[in-house]
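The exercises below invite the reader to examine a protein model step by step. Each task is followed by a worked solution.

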Amino acid sequence: MMRSLFDAPAISVGELCRRIRSALRGGFPSSVRVLGEVSESRTIGGNTYFTLKDREGLIACYCYRDTAARLAASLPLQDGISVEVTGSVDIYERQSKYQLRVTDITPVGRGALYLAFEQMKAKLEAEGLFAASRKRPIPRFIRAVAIVTSRDGAALHDFVSTCRRRGTHVRIRLQHAPVSGAAAAPDLARAILAAGRLPVDVVVVARGGGSPEDLWAFNTEQVARAIAACAKPVISAVGHETDFTIADFVADMRVPTPTAAAELVAQERDALLARIAAAESRLQRALSRWIVAPRSRLVRASADLGRAAADTLSAKAQRLDDCVTQLRRGDPRRRIVQWRSRARAASIRLRVVGRRALEQPSRHTAVLATELSAAFARSAERRARTLDLANAKLLALGPRRTLERGYAIAYDARGAVLTDSLDVRIGEKIGVELKTGRLGATVNEKKDDHGENGREET
């Protein structure tokens with residue numbers, strides 16, 4: 001046997017490495033599970049590299065970009081943690097190193113799980129994914145709900161049966177997804193986002209109880225971010241009342257079990273009827289306030305208006321009576337009667353005075369006649385002087401004096417004095433008065449004040 005090997009032809013290093021790889025793969029199953037402690041963890045170009053070791057040895061491990069991103073979302077690698085690695089044995093020819101190509105990583109022991117849980121919780125809380133300010137309210141009356149869970153799990157049966165018993169009005173849509181183990185995280189995250197696009201009021205993410213390893217998909221970053229990005233409010237109903245997952249902190253509301261979620265979503269019919277009755281009662285009271293009270297105010301306002309109108313009419317009537325009284329006092333007929341009475345009294349007094357004057361001695365009468373004649377003479381002289389002065393002014397300003405200075409006065413056919421060339425038409429006959437005599441003339445041309453020919457108006 002040894003001689004046949006030495007007698008065989010030489011092979012290349014690459015060929016030797018390929019034969020070693022084939023031998024390794026042939027000596028191990030396609031997938032192996034290895035326990036160890038992580039060390040020298042690093043990411044290069046999206047690929048993750050680390051060393052898995054224990055007290056007896058170590059082996060290099062790697063996982064490609066897609067697998068590394070999926071595993072990092074569920075369990076951030078940290079030097080010193082104990083894990084169970086699933087992968088296949090491989091060889092790196094250029095360095096003659098055997099290694100594990102990793103396809104899955106699971107923390108080992110409750111201590112490791114707790115550490116991974118706290119690491120993820122601290123990271124997401126620092127980003128604000130747990131903040132109360134981003135929590136969306138759950139609708140008080142839910143007509144349609146999407147439940148994200150396994151179609152084969154007890155959680156779906158418990159949820160549906162409780163909804164049917166307590167509120168037949170609720171429509172239920174199932175969005176199937178695996179819910180066990182960290183490997184279920186990608187499918188679970190996609191199902192949550194898909195449920196948010198359905199025509200429902202709320203999304204319930206549900207799973208029954210189990211071990212921490214069974215519930216680990218709900219502690220992954222991928223699922224947490226899917227809940228935060230879901231288009232509809234999310235209710236987390238994972239495990240039992242004592243179980244808490246990262247999904248509980250990110251969801252808009254957490255309930256302890258799927259059954260509790262169904263009780264919240266499908267509130268009892270009696271409770272709904274009671275709410276409707278209470279709303280009807282409030283509506284009736286509101287209508288009473290809006291209708292009866294305004295009607296009472298209208299009646300009071302009508303009474304007030306009637307009293308105000310009566311007061312106004314009374315005041316108007318009083319003012320009318322006052323005006324009639326004043327008109328009667330100023331009636332011209334009364335004044336005429338008064339004037340006539342006064343005239344009769346004056347006439348009587350004048351006759352008395354006349355008789356007394358006639359009865360006085362003639363000497364007194366002569367004196368009075370002389371004084372009266374003198375007064376008439378003076379008055380006549382003053383009036384003559386005033387008349388002479390007015391006549392002189394009239395002569396100075398009158399048209400005759402203007403004619404004496406060589407000017408003429410034009411008259412239209414009706415005898416009215418013309419002052420504007422626009423008052424006559426071309427061809428119309430006019431009269432012209434001179435200092436001595438009058439002339440008849442016909443209008444052949446018209447000019448305005450600027451010497452421009454006038455335009456004939458039609």
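**Exercise 1: A surface patch**

I291 lies in helix α10 (residues 269-329). The model is predicted: local features need pLDDT of at least 70, side-chain atom pairs count only at pLDDT 80 or more, and totals for chains, interfaces and linings use all residues. Residues are numbered from 1 along each chain as its sequence is written, and side-chain values use heavy atoms, with hydrogens and water left out.

Task. State how accessible I291 is, and name the nonpolar patch that contains I291.

Solution. Step one: helices (H or I, at least four residues) and strands (E, at least two) are DSSP runs, numbered from the N terminus. Step two: I291 has 47% relative accessibility and counts as partly exposed; buried means under 20% relative accessible area, exposed over 50%, and partly exposed in between (1.4 Å probe, protein chains only). Step three: together with L283, L287 and W290, I291 forms a nonpolar patch on the surface with about 430 Å² of accessible area. Patches consist of residues with over 30% relative accessible area and no salt bridge, like charges being joined within 9 Å and nonpolar side chains (Val, Leu, Ile, Met, Phe, Trp, Tyr) within 5 Å. Accessible areas come from the Shrake-Rupley method with a 1.4 Å probe; for residues, only the protein chains shown count as cover.

**Exercise 2: Salt bridges**

Task. Find which residues are linked with R225 in a network of salt bridges, and examine the pairs.

Solution. Step one: a salt bridge is a side-chain nitrogen of Lys or Arg within 4 Å of a carboxyl oxygen of Asp or Glu. A search of the whole structure finds 12 salt bridges. Step two: the network links K123, E127, E221 and R225. Step three: between E127 and R225, the closest N and O atoms are 2.7 Å apart. E127 lies in the loop between α4 (109-126) and β6 (144-149) and R225 in helix α7 (residues 221-229), so this pair ties together parts that are 98 residues apart in sequence. E127 is partly exposed at 41% relative accessibility, and R225 is also partly exposed, at 32%. Step four: E221 forms a salt bridge with R225 too, with 2.9 Å between the closest N and O atoms. These two residues of helix α7 are four residues apart, about one helical turn. E221 is buried, at 12% relative accessibility.

Step five: another salt bridge joins D187 to R190, whose closest N and O atoms are 2.2 Å apart. Both belong to helix α6 (residues 185-196), where three residues, about one helical turn, separate them. D187 is partly exposed, with 34% relative accessibility.

**Exercise 3: Nonpolar cores**

Task. Determine how many residues the largest nonpolar core has, and which element gives the most to this core.

Solution. Step one: a nonpolar core is a set of buried Ala, Val, Leu, Ile, Met, Phe, Trp, Tyr and Cys residues joined through side-chain atoms within 4.5 Å. Step two: the largest core has 39 residues, and those with the most contacts inside it are V148, L188, I192, V203, I227 and I246. Step three: the elements giving two or more residues to this core include α4, β6, α6 and α7. Helix α6 gives the most, with six residues. Step four: apart from this core lies another, of 20 residues, among them L156, F159, C163 and V255.

**Exercise 4: The sheet and a loop residue**

Task. Give the strand order of the open sheet of five strands, then describe the surroundings of V179.

Solution. Step one: the order is β7-β6-β8-β9-β10, with parallel pairing; two strands pair if DSSP finds at least two bridges between them. Step two: β7 (171-176) and β10 (253-254) are the edge strands, each pairing on one side only. Step three: six bridges join β6 to β7, and H176 in β7 is the bridge partner of T149. Step four: V179 is found in the loop between β7 and α6 and is buried, with a relative accessible area of 9%. The C-alpha atoms of V179 and T149 are separated by 6.5 Å, although these residues are 30 residues apart along the chain. Step five: leaving aside neighbours within four places in sequence, V179 is in contact (heavy atoms within 4.5 Å) with residues including T149, L188, D214 and F218.
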